[in-house]
Amino acid sequence: MLFSLQDVFLYIELFILAYTIKFFYDVIYLAYFSPLRMIPGPKHFALTKYFVSKKHTNGMRWKWLQYELFPEYGPVVRIAPQAVIIADPDMIKEILVIKDLPKNQKYDQLRTNLSIPTLLTTRDKTFHKKRRQIVAPAFSFKYLNSIEPLIHNCVKPLLIKFDEMVDQNQNIVNIYEMIHYCVLDITGETIFGGSFRFIETGNHPLPHKIFQELRRMIKLGMFPFLKPFIKQDPYILNFMTSLIKNRRQEDPERKDLLGMLLNASERSMSDIELHYQAIEFLIAGSDTSSFSSAMTMIKLIQNPDKLDTLFKEIDESFPEFNIDKLPSHDKLKQLPYLNAVINETLRLHPINYDIGPGRITIEDTIIGDYFFPKGTTLAVNAYRLHHSSKYWGDDVEEFVPERWLNPERIPKDCFLPFSAGTRNCIGQNFAMMVIRIIVATLIQKYKFEDILNQDMDIVHYLTPSLKTKQYNVKIYSRN
Ligand code: HEM
């Protein structure tokens, strides 16, 4: 026998000892000797990333950042041994635009299938450029103009539903949920070739499944070792598989995003890549636009004077309401107050509080007055930027669309709802179009009245949502 049992135990002990020494060296070095020690932050957070990971799990991390961390430590805070969170506009510009730092490893965990990169989750710049080129035509102005009637077709069932409710004197509606369903229908119709008909059928498991999937991604991003225990619900993949199958059989030539992906898949994307890219659009496109549209309506209803101003603007441009000729986007996009109202909502309620899990330094890097060693995650916090009185003034927490009518009141590089640089949101023009059409149409057709004292608490996993998933308002027909 080459080794005695005693030898084997000795080697195991030595291995454990060496590993323990290395482990403590890494922890102690990173916490107390790395150049990051100069950056302010809660001291124990420098020892392990566990503390900040834990903050993510209940969807309330944003409150801790906004009300505790940034006020105490300033706009640049060390939140983990190798992670710093930043809310300084010049530094953010350098990270996202000038240096265009690559995304960090946590983006891998945002993939619905870990081994299949997608446009949003890829960290490879060449892959990103190629994939972006493939899908870009589906978000061009030319394509967007062509889908306007499809968006109108999905808003009409919402109007019919509201009319029925008004006629039956059931004039309390959950505006948050109804807009969510309408946007899902629009996503289906314009991106996947057919409305999901959520508004008409009244209920559907998909929104909840998307919410669960976002929570799963966040948990995996924070605790990758939990992967064997956090099972993935096959619902969304099955949903997409049958959608693509039907599409191939029934209307393979239809010119929309799925059509372009189907075409591309024949040349440069495998079938499985196609499925996961389509799922990404479903998730990235629906929750984001629906939350923004719903919050725009809620902010207006809570501020009747602003709602009146917007109604006057819309009424001047579209004096007659006609269900067969809903407000045209060409005109809507020129309306200053409508755009001001949407911008103000996106400022107060951006979708990505942090712009994704963060960027990473691939070499020692100086940004602003700070030195970041290779391998540091730089998380960009848009929420803080949007809510900083230093840049926006004392009324920063108030809903003041008027600030957007005066360019001097808009601080430079402090508004990032769609991120910036090469990895900015590819869907932003589409999203703005959807929000403008939904908001203008509802305001033109109905009067709304707020119901006071509702719970507006927000939970934020990858995207924000109202904790209660509801906001009830009173609705009356204008004619
Ligand atoms: C109001 C609505 C929306 C907001 C506020 C929003 C916001 C954002 C933000 C902040 C990013 C950067 C994320 C990161 O760097 O991690 C992003 C990226 C992205 N968004 Fe959106 N988004 C919206 C709607 C949409 C829609 C409608 C789609 C598609 C149908 C979409 C698809 C994407 C994709 C694919 C990316 C990754 C782009 C790339 O890396 O090249 N988004 N979005």
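**Entry 1: getting started**
Two strands count as a pair when DSSP finds at least two bridges between them. I wrote that down before opening the structure, which is a predicted model. With it in hand, I looked up Val173 and found that its bridge partner in β11 is Val473.

**Entry 2: the sheet around β11**
Next I wanted the whole sheet that holds this pair. It is an open sheet of three strands in the order β3-β11-β8, and the pairing is antiparallel. Why is one side of β3 and of β8 left without a neighbour in the sheet? I noted that β3 (172-174) and β8 (446-450) stand at the edges and each has a single partner strand, so one side of each stays without a neighbour there. On average, neighbouring strands here are turned by 45 degrees against each other, direction ignored.

Then I counted bridges. β3 and strand β11 (residues 472-477) pair in the antiparallel sense over three bridges. Five bridges join β8 to β11, and these two strands also run antiparallel. I checked Asp450 as well: its bridge partner in β11 is Val473. That is a nice one to find on screen, as Val473 is also the bridge partner of Val173.

**Entry 3: helices on that sheet**
Which strands does helix α9 touch? I found that α9 (residues 175-191) packs on the sheet and touches β3, β8 and β11, with its direction at about 50 degrees to that of β3. Helix α14 (residues 271-302) packs on the sheet too, touching β8 and β11, and its direction makes about 75 degrees with that of β8.

**Entry 4: the four-stranded sheet**
I moved on to an open sheet of four strands, ordered β1-β2-β7-β4, with mixed pairing. Its edge strands are β1 (76-80) and β4 (359-360), each pairing on one side only. In the middle of my list, strand β2 (residues 83-86) and strand β7 (residues 377-380) pair in the parallel sense over four bridges. To find the pair by eye, I used Ala83, which stands opposite Thr377 in β7.

Helix α4 (residues 89-98) packs on this sheet and touches β1, β2, β4 and β7; its direction makes about 115 degrees with that of β7. Helix α3 (residues 61-73) lies across β1 and β2, running at about 125 degrees to β1.

**Entry 5: α20 and its partners**
Two packed helices are described by the angle between their axes and the distance between the axes. I used this for α20.

Helix α8 (residues 148-167) and helix α20 (residues 428-445) pack at about 35 degrees, with axes 11 Å apart. Their crossing is right-handed. Among the contact residues I picked out Ile151, Val155 and Phe162 of α8, and Val434, Ile437 and Leu442 of α20. How many residues of this contact are nonpolar, polar and charged? I noted ten nonpolar, two polar and three charged for α8 with α20.

Helix α17 (residues 336-348) meets α20 as well: their axes come within 11 Å and cross at roughly 115 degrees. This crossing is right-handed too. Leu338, Asn339, Ile342, Asn343 and Leu346 in α17 meet Met432, Ile435, Arg436, Val439 and Ala440 in α20. The contact of α17 with α20 divides into seven nonpolar residues, two polar and one charged.

**Entry 6: the iron atom**
Which protein atom is a donor to the iron atom of the ligand? I found a single one, the SG atom of Cys425, 2.3 Å away. Cys425 lies in the loop between α19 (389-392) and α20, so I marked that loop on my sketch next to the helix from the last entry.

**Entry 7: residues 12-33**
Lastly I turned to an annotation. An unreviewed UniProt entry labels residues 12-33 "transmembrane region". In the model I found that span to be 100% helix and 0% strand, and its end C-alpha atoms lie 30 Å apart.

Conventions
Residues are numbered from 1 along each chain as its sequence is written. This is a predicted model: local features need pLDDT of at least 70, side-chain atom pairs count only at pLDDT 80 or more; totals for chains, interfaces and linings use all residues. Side-chain values use heavy atoms; hydrogens and water are left out. UniProt positions are given in the numbering used here, feature names are shortened, and annotations may be inferred rather than shown by experiment. Axes are lines fitted to C-alpha atoms, for helices over the stretch in contact, and angles run from 0 to 180 degrees between N-to-C directions. Contact means heavy atoms within 4.5 Å. A crossing is left-handed if the near helix is turned anticlockwise from the far one by less than a right angle, and right-handed if clockwise. Ala, Val, Leu, Ile, Met, Phe, Trp, Tyr, Cys and Pro count as nonpolar, Asp, Glu, Lys and Arg as charged, and the others, Gly among them, as polar. Donors are N, O and S atoms within 2.8 Å of the metal (3.2 Å for Na, K and Ca); water is not among the atoms, so sites may look incomplete.
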